[in-house]
Amino acid sequence: MLSDLNQFDSPATLEVDICIVGAGAAGITIALELIDSGLSVLLVESGSLEYEQSTQNLYKGENVSFMDFPLETTRLRYFGGTTNHWGGMCRQLDSYDFRKESSDQWPSWPLSKPDLMPYYAKAQELCELGDSIYDNYSLRADLPGENPFPDDTTRLKPVFFQRSKPTRFGQKYVEQLKRSHNVHVLLHANIKELVDTEDRTKITSISLCSLKGHQVEVKARQYVLAAGGLENPRILLFSKRHNINGIANTHDLVGRSYMDHFGTYIGKILFNRPVSSDAVFFQEKNFKGTRIGGCLAPTEKLLNEKNIGNFIFLFGTGTEPDLSIEMLKSIKQDISSMRWPENLLTKLSKIVSNADTMANLAYKNIFDTDERLFDIESKKSGQLCSVSINMEQFQNNNSRVLLSNELDSLGLPKIKLDWQLCDEDKRTLEVATRELAGMLGKTNSGRLRITSDLEKNNPSYSISCHHSGTTRMSKDPQNGVVDKDCKAHGIENLYIIGSSVFPSIGWANPTLTIVALSVRLAEKLKRTHTTRHNV
Amino acid sequence: MFGSIRFLYNRRDDSPQIALAGIVALVFKENARLPPPISSCFLDQHSAVHTLEEQLWAIISADEPLGCPESTAHHDKLVTAITADYECNALQNVDGWYISETEYLMLSYLYRLV
């Protein structure tokens, strides 16, 4: 069933077995898995079924990171959460990712990949990914024909991801949840406080309110925070009735070690022979009812040898648009029409910033190569492609989510994000780039040219909005916030779910693993808490 | 080893220089190794032609201190040296292009020769 807090006579009280905070991929998955479980479930969502600006504004915050970007644009606050705008790129984490141990302070996952495998199968289904193919795509007989990279896979190897439709969890599963007799979806319900006992070992209630002032207190046997990698720590930090540091924060780890996949445009590969633009590395393929894309990733041997973060190289047909030529043409046209060129400075800056294009033209003139060199987008084959990289970030105590002194419209402290990269992260970029250049050179497959920004060690980074690590999972309470079952250390009835629990993030996009962990948590809740108590 | 280079290099006789230029060009062109479009600025700071030539001869005649074997053998040795550079990460970044140290020497040599 589904209701709206704004329709409630307030103040009201609800009593349920399980209260889930946040209706994104994680919260909706758990609710779906608990349908007909015999447990009464309340799924709490801040927004409505559709986007509303006033609710989205609650995601505004202070960003003091090394990169400036508005926090409210990196996630969505309505039913379905950030799946309402995700790209759908899915892949399981690699076995290596679960074992990755940066230091004594940052141990590896307390889970192994086999522990999660049965749940990945269900996650595959919920994300509408069809058969689980991934790296088995490389077994295709005709792959060598469409692989422009050398067979030597000792250091860099082809890997494959699958693309969800993408599934909008809200739209896809709302009817199923509405029909459910034991799951109650409550919209426009914002968490004001998570209330714990004086000894801080148990959560007693959650205070919810709508932007219009309607209030409800929820008393549940178990609580699940599924509000995302930024909101999960924020809720724990601002709920400080019995401790100034908030809830589940005995070791000052809530909000610490914030991680995201960071990336940058590397430059271009010049292949020594024309390669097909139809290759899976340049454009995703429909294959056995799913969509597959290819990229290059490091082998475990390389990762161990160099002690760098995991990463992928992504390839694109064509290079940056030939703006400089367009700008030159425009200036020429203006001058021939006897008028001063419009926006001359802007046009000139485009020409300068696209100096690479000029270099290619010069190359063509000097070495008398044919047109295939330029681009593999406009033709079926060519010798030049673009390269980008997406990287895993190392755990870093100083990269963190904090509370701002500014308040939102509910009177709660806004988030303050201080995302930081460390020297190891920058080393990943340098080592990875040299490895790609080395692989192309030693097999004489081609050459790599990096951008001038990269050359000057001043890359423009991109963000992935995969907010992770802020309530990390650990075996020992001193190293993390939740245990291997996603239960908060030292609190008997609080679970936290989402990429905030990831101790390390590998290179794969997190949604599939978030959903797999959510299926696993739902199973744990079903197994452990069987009391019937309808809403 | 450098003695053999001096033996091969004779200012009054350009034939060894021409032979070396031919080998370098052969590696770049016939072996389909692709020299990147390098601007002249990086090369301005590099050594004189005879130093580059000595270094290249050192690479291709490392285990043959005397005589001048067939150019195809030289060619093969340069290719091997380039591959080895890439394998052991002996790379130079020139105007954004990653090239091997041997390729860097070869390009420098060709540039100076021209």
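Chain B of this predicted model contains six helices and two strands. Read from the N terminus, the elements of chain B follow the order α-α-α-α-α-β-β-α, with the two strands of the chain placed just ahead of the closing helix. Chain B has 114 residues, and 35% of them are buried. Its contacts also reach along the sequence: of those between residues at least 6 apart, 69% join residues at least 24 apart.

A helix pair gives a good view of how chain B is put together. Helix H4 of chain B, residues 49–60, meets helix H6 of chain B, residues 101–113, with the two axes coming within 9 Å and crossing at roughly 140 degrees. At that angle H4(B) is oblique to H6(B). On the H4(B) side, the contact is made by B:Val49, B:Leu52, B:Glu53, B:Gln55, B:Leu56 and B:Ile59. H6(B) contributes B:Thr102, B:Leu105, B:Met106, B:Ser108, B:Tyr109, B:Arg112 and B:Leu113. The spacing of these residues is easier to read with the helical repeat in mind. An α-helix has 3.6 residues a turn, so residues three or four places apart point the same way. As for handedness, H4(B) passes H6(B) in a left-handed crossing.

Turning to chain A, the average pLDDT is 89, and 87% of the residues score at least 70. Some stretches call for more caution. Across residues 361–372 of chain A the pLDDT is below 50, and the model gives this stretch eleven contacts beyond near neighbours in sequence. Residues 531–535 of chain A likewise have a pLDDT under 50, with 14 contacts in the model beyond four places in sequence.

The largest nonpolar core holds 163 residues, and the members touching the most others are A:Cys19, A:Ile20 and A:Leu42. Helix H14 of chain A, residues 511–528, supplies the largest share of this core, with nine residues. The surroundings of A:Cys19 can be spelled out. Leaving aside residues up to four places away in sequence, A:Cys19 touches A:Leu42, A:Val44, A:Ile206, A:Val218, A:Ala220 and A:Tyr223. One of these partners, A:Leu42, is itself among the core members with the most contacts to other members.

Helix H1 of chain A, residues 25–33, is largely enclosed by the rest of the structure, because nine of its nine residues are buried. The buried residues of H1(A) include A:Ala25, A:Ala26, A:Gly27, A:Ile28 and A:Thr29. A:Ile30, A:Ala31 and A:Leu32 are buried in H1(A) as well, along with A:Glu33.

Helix H14 of chain A also takes part in a helix pair. The axes of H4(A), residues 113–126, and H14(A) come within 8 Å and cross at roughly 115 degrees. This angle makes H4(A) roughly perpendicular to H14(A). The residues of H4(A) in the contact are A:Leu116, A:Tyr119, A:Tyr120, A:Lys122, A:Ala123 and A:Leu126. They meet A:Leu512, A:Val515, A:Ala516, A:Val519 and A:Arg520 of H14(A). The crossing of H4(A) past H14(A) is right-handed.

Several places in the backbone of chain A deserve a look. Most residues other than glycine have a negative phi, and most peptide bonds are trans. A:Lys165 and A:Pro166, however, are joined by a cis peptide bond with omega about 10 degrees. A:Pro166 sits in the loop between strand E6 (156–163) and helix H6 (169–179) of chain A.

Positive phi values appear at A:Ala248, near 60 degrees, and at A:Asn307, near 50 degrees. A:Ala248 belongs to the loop between helix H7 (231–238) and strand E11 (262–276) of chain A. With 31 other C-beta atoms within 10 Å, A:Ala248 is buried. A:Asn307 lies in the loop between helix H8 (300–306) and strand E14 (311–317) of chain A. A:Asn307 is exposed, with 12 other C-beta atoms within 10 Å.

Strand E14 of chain A, which follows that loop, includes A:Leu314. This leucine, A:Leu314, is buried, with 20 other C-beta atoms within 10 Å, a count that meets the cut-off of 20 or more. A:Leu314 and A:Ser386 are 72 residues apart in sequence, yet their C-alpha atoms are 8.3 Å apart in space. Not counting residues up to four places away in sequence, A:Leu314 touches A:Cys295, A:Ser388 and A:Asn390.

Conventions:
Residues numbered from 1 in each chain as written. Chains lettered and ligands numbered in written order. Predicted model: local features only at pLDDT ≥ 70, side-chain atom pairs only at ≥ 80, totals over all residues. Core = buried A, V, L, I, M, F, W, Y, C linked by C-beta atoms within 7 Å. Helix = DSSP H or I, 4+ residues; strand = E, 2+ residues; numbered from the N terminus. Contact = placed C-beta atoms within 7 Å. pLDDT = per-residue confidence, 0-100. Axes fitted to C-alpha atoms, helices over the stretch in contact; angles between N-to-C directions. Parallel < 35°, antiparallel > 145°, perpendicular 65-115°, else oblique. Left-handed = near helix turned anticlockwise from the far one by under 90°.
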